[in-house]
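Here are my notes on the two-chain model you sent over. Have the structure open while you read, and go through the points in order.

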Amino acid sequence: MTLNLLKTSSVYYNKLFVDPPATGNATGSSAGVTGRQSSVLPGSKAKVLLVDENTTPIISMCYTQSQLLSNDVILVELIEKQATLNPMKHLQCVCYLKPSAESIQYLIRELKNPHYNSYQIFFNNTINKGQIEKLAESDEFELVQSVVEIFQDYLIINDNLFTTSPLKFQQQLNGVGGNGKLVDVSSSVVSLLLSVKKCPVIKYETNSKELRKLSSEILYAINSNSNNNLFDDVNSKLDTPPILLLLDRKNDPITPLLSPWTYQSMIHELIGIQKNIVKVGDEQLTLSEQSDSFYKDSMYLNYGDLTDKVQKYVEEYKTQTKQTSTENLQTKNLADLKNFLIKFPEFKKFSSNVSKHLNLVSELDKMINQQHLWELGELQQTIVADLESHSSIKLKIHQILDNYTPPQQQQPQVTSTLNKVKLVLLYALRYENTNKPENETDTFINKLSNPNLTSPPPTLSQLLLLRSFKKYIGISRNRTDSRSTTSSSRNSTDGVGLFNGKKFNQFFNKSLNNNSNSNQPDNIYMQHIPKLYETLTSLIQEQQSPNNHQSQNTTDQLTTLVPEAVTRQFGSATSDSIQDIIIYIQGGVTYEEARLIHEWNNTTKMKLNIIIGGDTILNSSSWLDNLCDLVNAAETNVSQELPNHRGQLRDLL
Amino acid sequence: MSESNTPKRRVLGSNVPSGATPNEEVPSNHENVLLCPICSESMVSLSQLNRHIDDIHSGSDSGVLSSSSSPAPPASGSPVSPTPPLQKAPMNREFLNGSVSRWLKNNFENVVETSPLTSPQKRKTVKLDLLDKNKGFSLSESLTSPSTLNVFNDSDGTKEKDISKSPGKPPTASASRNNVNRLSRSHWQQPSSVSTDYCADQTCHRVLNIKNGKVNCRKCGLLYCNEHTYYKARLKNNDTIPKKPEILYEPSKEGTWARVCRSCYEGKPEDNEPLTNDLTSSFKKQRQIHNDQKELHRNKVTKRFIKLVNLHSDYYLSTKTNPDFWFSSSSWTVSRVLDEEKQIVGLENWQHDSQVQACPLCFSNFNFFTRRHHCRVCGRIVCDGSLNDKQIICSMDVPLNLFLNNKLAHLNFSPLVVQNMKELKEIPDDNEKFRIRCCNDCKDDLLHDWKSSNDSNRDVYSSSSEIFKLYDQLFLIKKNIHGLYPKYEKLIHSYQVSGDLDEINKLRIKLMSFLRDFESLIALFKKSFFVLTKQNVLKPSDDLSSDIQKLVNNIHQSTTTYLQETLINIKQLSNVLKEKEKNELKAHQQYVADAAVKNIESNNVGGSEEDSIQSPLSPSSLSPKPLPSQILEPDLTKRQIRELREELMVMSEQKFIIQGLIEKVTKSRKFDELAPLEENKTELDRNIQDLERKLGEFGF
């Protein structure tokens, strides 16, 4: 099946609420409420939905309250509050739970002491035999009508973007005792694979120890029989084995550091999206590709195109209001009034949507001006994509660190500490191989810590990060980074580096028209393309021409694990062309990468299906925090036990 | 290649100077020395070879060559070796082509009936076809007859040449070898020789030529341009039906990668249902096992309980007369009761204090504050749960009469108990004697049957049961609407001729009455569970608990949105219907107007307008419309028609007369008479119109 997460989830929720498997009628229950046949069970009544804290966000991100209501689900309860529920024997209970030990325990208690009429139990991941037995044991009143595993132990952000069930990021990075977390991530990924029916060949970045653990965990889950051999024939309709690509964020620390310039990424960067909810002022705005067609069309647009689009949207709204304004209505006849009233709910939706997006865009605009992002963004891209000479870049950084006054303005332009830190970090990453006299990282750090120039001064861990990032995120890179400091090799086709600005324009030739700063046709704010692009291209090229050993460096970077089921079906030859790729970035994915995947899927005209995900969705500040945590934790460890230094590092990387 | 070249190389070795580059055999061969493929005589130039073949080998000596096996290997090289020169020396192409093919025809009819000599142009198509290993090309294929088709291995294009070069191997053998992976081509669309071909893709429809490519989709066999066969799928032959080959998708290593068109790629069977795993059956099986065991266990527990009750009522009844029992001489002592209790549980089940360190139910360790207690039913040691904070009471000293009162009164107790049942039941709860310690598990076991029989009927909250009563009614109506609505929708959408209007109207009446009921029920619901606050906001009434308030709110919201949606949908549907009716009416009017050639003015314009003006908000739009069907549906018998027509004629005559009169009156200026005449005339007009409407298409 195609990799389409939203469709998958809607089928699942149909199973949950509309067409319970107990009835077993395979009528592809047609759209919405009205189309539903009267296939109501004789005893079918109002329903209560029992969820746990893990499944609550999963369901709330793709299913709305009104959808629930229209399916006669009139009550939603948390199973954690099981002891305090009111008995309502009139209600049928639909349980949607993650098969965690706690939830099972609560469910057992609930079954022993039932509050509702009957139970349909859905688990969002595989449940083991022992758990089933315990449940069966506790169902003394025989109220359970069905037990079904559906596989949705992950959050769907966009149609092609997922995150694994929320975890504490820090625990993962510090990851020494994090085996439980690892299993959690792996089971979450496995549930994703099962839900889209893919039994993949696993490829992971060789230099990451975490990924090696994770991949072997996933491979074990696929190969072992504990899942009732679910993986055995999921591929039966596929021509070629799908690929699960596991990447490590630390191999591309640049992408999340940059200020993005497309709608969804910008909202996350500047305002913050939490489970598809954005808080602007006191308002809570829901962003969903599913229910908001304007958002669907504009989420990947860059800022310039976006403002055009919003303007058009507002224009459209204005013309509609003119048509239907109340003054006009009085002069018109009743038939028009009737039409208006019929359309009124839609119209109301429309107007609230317009105001929502206007609100968002104006907030974005405010933030951009407040943080001087036009200048900063340009400089960031200049550093990363090497658009100007080293010395002029240094000059500009100095200007920003010195809070210079731009020629037309009176006030000195003060950049926030956070942005300054990001900028210096970018510079340090970019010129890490340049030697001392040229490389002015230290000067920059000194300027940063000068309280006269920077207030509030950067935190200690931020400074620590700037000084010693090399040990933590540099090492892994040095090995693979074939880029030399000169820009000449970057133009050669096989340079796999962090900075690949030039190729970007060949691929996405988009222009930002309202950008007055640059006369170039290319969008100067989007010069950088994530390393992901490079990884994917070489992966695909390598597959298409297996004899071509030019792309050797990816084969070095990626290690391949092939599950038994795949070998059984396709043989050991893996030189087939790729059709489906599932990417998981350990350490967090960015919306920018999701956009890249989206464009990719579109350009290849359904020959390639890619979805992407990570354990969190990063923006620059959360990534910086994570990096600081990483460095901090490592430094404290190092100071405590020096002899273990090397081992620690290897652990981390 | 190597296989067929070995003999040639041997020959070469004898003739060619050692300087010839060994890895470019064929070209160097042609540049330096040309060998006659038949007699191995060396030639200087191509034209010389040509002439040689023409002169020496033409026609006459076919028998020698085709029959013996030894000349075949050198001969086999010939169809290939001249081809590269073909491209190099285009001047000679025509000439060579003719001669060699003639030669071939003569000599190789029995071996391979094919023409490996494709024109350079055709060769080029092979090279274009880089996308898959399935390198056959349509043009040459089309020339070959079905019998030789299977000689060519589809999985490897080079085989094509190989086979023709190695006739030492019988074709049948190679066919059987290659047949496994070969895709059938008999269904391929042949490129037409007269007209140009177009890409079969709907959006493309390009002329197919060398530039655009001319490729058969391996699955459906149609011809496409290169761009539209840029898809791959694994395919295989359907071998189950012999004779009629069919290409199937085969998504495993058995399948052969092949070029397919977009529609075949998209048409690949897909599994669009995300995976679910139904564990119900295994769950129920296990539940069965457990519940059977538990049933047994419960029986045991119940038996023990009966014994306990018997024991204790005996004890109680015999000691109650003597309140001073501690000092009495009666045989009942506390230790005896305890012994009896142990007997009932079974000595092997009665746990020793030293064995148990923690309560098996709440896992708290026993100590000075958490005391050990024996459950008298199962014999386990449990705590009394007074200290743990988990809200679970592990065991209780339960007054037996609580059990007896209504929950377990019907059990098979001893006659003594049954006789004194009434008295036993009335023992006050705080009595110290008639009670046993019982753990939570045993309590659940004892009360299981009672619970399962009673629970479903019991509802703690009277208000919630009220709510559900109303909700059930709402639900029922909703179900009815659900059932009717799709029918109604279908009828309206399929509405064509005026025939089924009756049914539509009936359905609408039904639907509307349901909706009205629904609405009034919602109103009732609102009235009973909601209060209007001072700010004019509806709020669930405060005497409901917060949970119930939430419930009530949700129900209200869901039902009202449902009502609104359905109403809007129905209104839209009736708009659709009206639109359709209007169209039909217009068509009808047209017809009537055409038919009524006479001076009858074009009539009922009113009908349709009346319809649309009808107030949209008034309840009348919900109720069935006044039937315009009368106009549309002159469901008349012949006799009625005749009568009506006669009437109409009379009317028209009268109208004619009156019109005459009016004219007269106006001429004579008797205006006072004019008014009644006019009135008369309009009345007649109306009548005529009515009649015509009734007659419909049966009018004049």
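1. One definition before we start: a nonpolar core here means a set of buried Ala, Val, Leu, Ile, Met, Phe, Trp, Tyr and Cys residues joined through C-beta atoms within 7 Å. Keep in mind that this is a predicted model. The largest such core has 156 residues, and the members that touch the most others are Cys95(A), Tyr96(A), Phe162(A), Leu246(A), Val424(A), Leu425(A) and Ile583(A). Apart from it there is another core, of 30 residues, with Val301(B), Leu308(B), Ile381(B) and Val417(B) among them.

2. Take Tyr96(A) as a way in. Setting aside neighbours within four places in sequence, Tyr96(A) is in contact with Leu16(A), Leu49(A), Val51(A), Thr55(A), Ile59(A), Phe122(A) and Asn124(A). One of these partners, Leu16(A), is on the list of buried residues of helix 1 of chain A, together with Leu5(A), Thr8(A), Ser9(A), Val11(A), Tyr12(A), Tyr13(A) and Phe17(A). Helix 1 (residues 5–18) of chain A has 14 residues and spans 19 Å between its first and last C-alpha, close to the 20 Å expected.

3. Now strand 3 of chain A, residues 88–97. Eight of its ten residues are buried, so the rest of the structure largely encloses this strand. It has parallel pairing with strand 1 (residues 47–51) of chain A over five bridges, and Val48(A) stands opposite Cys93(A) there. Strand 3 of chain A also runs parallel to strand 4 (residues 116–123) of chain A, joined by seven bridges; Val94(A) has Gln120(A) as its bridge partner. With helix 4 (residues 101–112) of chain A, strands 3 and 4 of chain A make a right-handed β-α-β unit.

4. How many residues of strand 15 (residues 609–614) of chain A are buried? Six of its six, so to speak a full house. Asn609(A), Ile611(A) and Gly613(A) point one way while Ile610(A), Ile612(A) and Gly614(A) point the other, and all of them are buried. That fits the general pattern, in which side chains of a regular strand alternate between the two faces of the sheet.

5. Which strands pair with strand 15 of chain A? Strand 7 (residues 161–164) of chain A does, in the parallel sense over three bridges, with Phe162(A) partnered by Gly613(A). Strand 14 (residues 580–586) of chain A also pairs with strand 15 of chain A in the parallel sense, over six bridges, and here Ile583(A) is matched with Ile612(A). Phe162(A) and Ile583(A) are both on the list of core members that touch the most others.

6. There is also an open, antiparallel sheet of three strands in chain A, in the order 10-11-12. Strand 10 (273–274) and strand 12 (283–286) of chain A each have a single partner strand, so one side of each has no neighbour in the sheet. Two bridges join strand 10 of chain A to strand 11 (residues 277–280) of chain A, and Gln274(A) has Ile277(A) as a bridge partner.

7. Two lysines deserve a look for their backbone angles. Lys275(A), in the loop between strand 10 and strand 11 of chain A, has phi near 50 degrees, a positive value in a residue other than glycine. Lys197(A) has phi near 55 degrees, also positive, and lies in the loop between helix 7 (179–195) and strand 8 (201–205) of chain A. Buried or exposed? Lys197(A) counts as buried, because it has 26 C-beta neighbours inside 10 Å, while Lys275(A), with 15, counts as partly exposed.

8. On to chain B, which has 26 helices and 14 strands. Of its 700 residues, 24% count as buried. Helix 26 (residues 671–695) of chain B has 25 residues and reaches 36 Å end to end by C-alpha, close to the 36 Å expected; its buried residues are Ile688(B), Glu692(B) and Leu695(B).

9. Last, the record. An unreviewed UniProt entry places a "coiled-coil region" at residues 563–590 of chain B. In the model that span is 100% helix and 0% strand, and its end C-alpha atoms lie 40 Å apart.

Notes. Residues numbered from 1 in each chain as written. Chains lettered and ligands numbered in written order. Predicted model: local features only at pLDDT ≥ 70, side-chain atom pairs only at ≥ 80, totals over all residues. Helix = DSSP H or I, 4+ residues; strand = E, 2+ residues; numbered from the N terminus. Expected span 1.5 Å × (residues − 1). Buried ≥ 20, exposed ≤ 12 C-beta atoms within 10 Å, placed from the backbone. UniProt positions renumbered as here; feature names shortened; annotations may be inferred. Contact = placed C-beta atoms within 7 Å. Pairing = 2+ DSSP bridges. Right-handed = clockwise from strand over helix to strand, strands pointing away.
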